[in-house]
Amino acid sequence: MADLADIDDGDLPEPSLKNIIDQTTLQWVFVGGKGGVGKTTTSCCLGVQLAKSRKKVLLVSTDPAHNLSDAFCQKIGREPTPIEGFDNLSAMEIDANNDMEEMQRNMNDQGSEEADGGLSAMMSELTNSIPGIDEAMSFSELMKQVQGMDFDVVVFDTAPTGHTLRLLSFPTILEKALGKVMELKDRFGGLIGQATAMMGENPGATQDAILGRLEETRTVINKVNDMFQDPAMTTFVCVCIPEFLSIYETERLVQELSKFGIDSHNIVVNQVLFPEKDAEELAEWYAKTKDSLPNEAREICSKMMARKRMQDKYIGQCFDLYGEDFNVTLMPLLDYEVRGVERLKEFSEFLTNPIDMEE
């Protein structure tokens, strides 16, 4: 396993997210990882950096426990909200469950107004009968909404790993589900027609309306799927901290992204103690100065050294796993919270100006 002191960053991909800023074709950037590793801070900082070179940037939180409002210290709602201090950066917080409920209400309202009132009932039955299709259809509605907003690039601040993987699997889930529905339609179209006729509906009109709505959703999903699997348009930034569980979760996330065909070549490691130094350097300093320190200071330094050794071990593992193929960016642990536009601007510089590990 590589030791942090032995890592020659000259042989590795640039340890920053500058590659994302420079890739002007990117339209979708997902930021994800284990809970509590700094995904929201990384998303906000990435949005701040993108706003320097893009005309219109949108940050979208898909995490039910929204934190964008806390990060920017301003109220952010379900519609794009301009971020104070910027003229080209906006943010919005969405809830898939609420969106799905609203979509079903709209379908019910539309169904009650139309002659084919059975349409909404049958669509509702459909969304309740296939596991995951309700969230998937909500996701497709979100993507249609975002696509119509005319933003150059959208940064998704996602929920913890498991929820994010479900989100990214929605295009596949929905494509399979709609394929099955179409297959059933071909096999049992006559039966469906008889059933709708018994309900007093126009069989042809009802079938056409249902299939038209499903086909519209399928078209959006196919388009989204194609974009997600195009590395020129979509990439995923994995965020972790230098601890075992977080590195393990990142490895799982990278493997799953590979299965979905989604590009991922950036890893951000947050909360790093003194990224420009290694534990051995600090140990030498401590050995020279500990005799002059009071007992309380020795205890504090001893715990800090233990934490630094642990972090260096897992950072070394991270470079072993990803160093040759991924841009691994080390973000320092600060002695203050990164909240508010000014501090986010300051901290975001670490994403594009890599820390020199040879200092």
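Guide: Buried here means under 20% relative accessible area. Keep in mind that this is a predicted model.

Visitor: Good to know. What share of the residues in the protein is buried?

Guide: The protein has 12 helices and eight strands, and its chain of 359 residues is what the share refers to. With the cut-off at under 20% relative accessible area, buried residues make up 49%.

Visitor: And how much of the contacts with a separation of 6 or more comes from residues 24 or more positions apart?

Guide: Contact means heavy atoms within 4.5 Å. Take the contacts in the protein with a separation of 6 or more, and the part due to residues 24 or more positions apart is 79%.

Visitor: Let's do the sheet. Which strands stand at its edges?

Guide: Eight strands form an open sheet with mixed pairing, in the order S3-S4-S2-S5-S1-S6-S7-S8. Two of them have a single partner strand each, so one side of each is left without a neighbour in the sheet. Those edge strands are S3 (81-82) and S8 (327-332).

Visitor: Which residue in S4 stands opposite Pro82?

Guide: S3 and strand S4 (residues 89-93) run antiparallel and are joined by two bridges. Across from Pro82, in S4, you'll find Ser90.

Visitor: Which helix touches S7 and S8?

Guide: Try H2 to begin with: it lies across S1, S2 (57-61), S4, S5 (153-157), S6 (234-240) and S7 (266-272), at about 170° to S5. Another helix packs on the sheet with its direction at about 150° to that of S8, and it touches S7 and S8. That one, spanning residues 341-352, is H12.

Visitor: On to the annotations. Which "binding site" residues does the lining of the largest pocket include?

Guide: The UniProt annotation, from an unreviewed entry, covers Lys34, Gly35, Gly36, Val37, Gly38, Lys39, Thr40, Thr41, Glu243 and Asn270. Of these, the lining of the largest pocket includes Gly36, Val37, Gly38, Lys39, Thr40, Thr41 and Asn270.

Visitor: Is Gly36 buried or exposed?

Guide: Gly36 sits in the loop between strand S1 (28-33) and helix H2 (39-50). Exposed means over 50% relative accessible area. Gly36 has 65% relative accessibility, so Gly36 counts as exposed.

Visitor: What is Thr41 in contact with, leaving aside its neighbours within four places in sequence?

Guide: Thr41 lies in helix H2. With a relative accessible area of 23%, Thr41 is partly exposed. Leaving those sequence neighbours aside, its contacts are Val338, Leu344 and Phe347.

Visitor: UniProt has an "active site" feature at Asp63. Is Asp63 buried or exposed?

Guide: The feature comes from an unreviewed entry, and Asp63 is found in the loop between S2 and helix H3 (68-72). Not counting residues up to four places away in sequence, Asp63 touches Asp157, Thr158, Ala159 and Pro160. Its relative accessibility is 12%, so Asp63 counts as buried.

Visitor: Last topic, the cysteines. How many disulfides are there?

Guide: A disulfide is a pair of cysteine sulfur atoms within 2.5 Å. By this rule, the count is zero.

Visitor: How far from Cys45 is the nearest cysteine sulfur?

Guide: Cys45 is in no disulfide. The nearest cysteine sulfur belongs to Cys44, and its distance is 6.9 Å.

Visitor: What is the relative accessible area of Cys73?

Guide: For Cys45, the value is 1%, so Cys45 is buried. Cys73 is partly exposed, and its relative accessible area is 46%.

Key: Residues are numbered from 1 along each chain as its sequence is written. This is a predicted model: local features need pLDDT of at least 70, side-chain atom pairs count only at pLDDT 80 or more; totals for chains, interfaces and linings use all residues. Side-chain values use heavy atoms; hydrogens and water are left out. Buried means under 20% relative accessible area, exposed over 50%, partly exposed in between (1.4 Å probe, protein chains only). UniProt positions are given in the numbering used here, feature names are shortened, and annotations may be inferred rather than shown by experiment. On a 1 Å grid over the protein atoms alone, a cavity is a set of points where a 1.4 Å probe fits but cannot get out, and a pocket is an open set with protein on both sides within 12 Å along at least five of seven lines; lining residues have an atom within 4 Å of a point. Helices (H or I, at least four residues) and strands (E, at least two) are DSSP runs, numbered from the N terminus. Two strands pair if DSSP finds at least two bridges between them. Axes are lines fitted to C-alpha atoms, for helices over the stretch in contact, and angles run from 0 to 180 degrees between N-to-C directions.
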